[in-house]
Amino acid sequence: MDRRPIGTEKLPAAFYLQDTVEVARQLIGKRLVHRVNGQELSAIICETEAYTGFSDKACHSYKGRTERTEVMFEAGGRAYIYLIYGMCYCMNVVAREAGVPEAVLLRALEPVAVLIRAACPLEGIETMRALRQQKKPVKTLNEKNLLSGPGRLCSGMGLGREHNGLALTGEELYLCEGIAVPPEQIAATRRINIDYAQEARDFLYRFVDTKSPCLSQKWKGETR
């Protein structure tokens with residue numbers, strides 16, 4: 001059993017004002033919490049991607065301010081949640097100071113039940129399973145693939161467009177310290193599915209906990 005303590009202290013507002021790539025790296029091991037109908041759903045962040053605004057052709061805000069990207073221009077510490085392919089939602093953590101439209105995509109979470117290797121209903125995992133099954137039944141659903149991808153993550157955590165713009169220092173949706181992941185266990189790779197982004201497709205802006213079994217793509221032991 002993994003006996004590392006799981007931190008409950010909220011991340012301070014200053015955390016989100018750091019360099020976006022550094023925020024993406026530091027978010028590995030942090031705990032995302034969403035309070036739904038009095039119940040706390042939470043899991044550990046194991047995969048992120050940084051998007052750096054005007055210098056990054058893969059970033060939504062690269063070409064400027066739009067209604068969709070408005071929240072990215074606010075000071076760091078808010079949720080940027082959008083619909084992709086008309087099918088599922090993706091959650092981002094806005095970073096940097098106001099006017100610098102950058103954010104970190106949360107790609108995968110690790111349920112606490114996986115972390116401590118115990119098949120028990122911790123941190124709202126049964127509710128997460130039910131939420132994942134709402135739109136389309138998943139026959140092979142388990143703890144490892146429950147939140148292993150941006151769409152799965154939002155579905156299982158009960159997140160949608162109504163949560164876009166929420167402050168991450170509030171009481172409904174927030175981030176906590178979580179667990180300490182050794183620096184040597186965090187790897188940087190190229191981001192996923194952004195081949196259209198020219199030189200930006202080669203930026204090593206995706207960060208993963210190489211020991212996590214819950215990544216959206218299996219870690220193969222190399223920097224890509």
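Two strands count as paired if DSSP finds at least two bridges between them. The exercises below apply this to a predicted model.

**Exercise 1.** Which residue of β3 is the bridge partner of His-34, and how many bridges join β2 to β3?

Solution.
- Step 1: locate the strands. β2 covers residues 31–36, and β3 covers residues 39–51.
- Step 2: read the partner. His-34 is bridged to Leu-41 in β3.
- Step 3: count the bridges. β2 and β3 run antiparallel and are joined by six bridges.
- Step 4: inspect the connection. The two strands form a hairpin with two residues between them. In the turn, Asn-37 has a positive phi of about 50 degrees.

**Exercise 2.** Find where β3 pairs with β6 and with β9, and give a facing residue for each.

Solution.
- Step 1: take β6, residues 102–111. Eight bridges pair this strand with β3 in the antiparallel sense. Ile-45 has Leu-109 of β6 as its bridge partner.
- Step 2: take β9, residues 206–209. Three bridges join this strand to β3, again antiparallel. Thr-48 stands opposite Phe-207 in β9.

**Exercise 3.** Is β3 largely enclosed or exposed, and what does this strand contribute to the largest nonpolar core?

Solution.
- Step 1: apply the cut-off for buried, under 20% relative accessible area. Of the 13 residues of β3, 11 are buried, so the strand is largely enclosed by the rest of the structure.
- Step 2: turn to the core, which has 42 residues. β3 supplies five of them, the largest share.
- Step 3: identify the members touching the most others: Leu-27, Leu-32, Met-91 and Leu-175.
- Step 4: expand Met-91. Among the residues it touches are Leu-32, Val-104, Leu-106 and Cys-154.

How values were computed
Residues numbered from 1 in each chain as written. Predicted model: local features only at pLDDT ≥ 70, side-chain atom pairs only at ≥ 80, totals over all residues. Heavy atoms only, no water. Core = buried A, V, L, I, M, F, W, Y, C linked by side-chain atoms within 4.5 Å. Buried < 20%, exposed > 50% of the residue type's maximum accessible area, 1.4 Å probe, protein only. Helix = DSSP H or I, 4+ residues; strand = E, 2+ residues; numbered from the N terminus. Contact = heavy atoms within 4.5 Å. Lists of a residue's contacts leave out its neighbours within four places in sequence.
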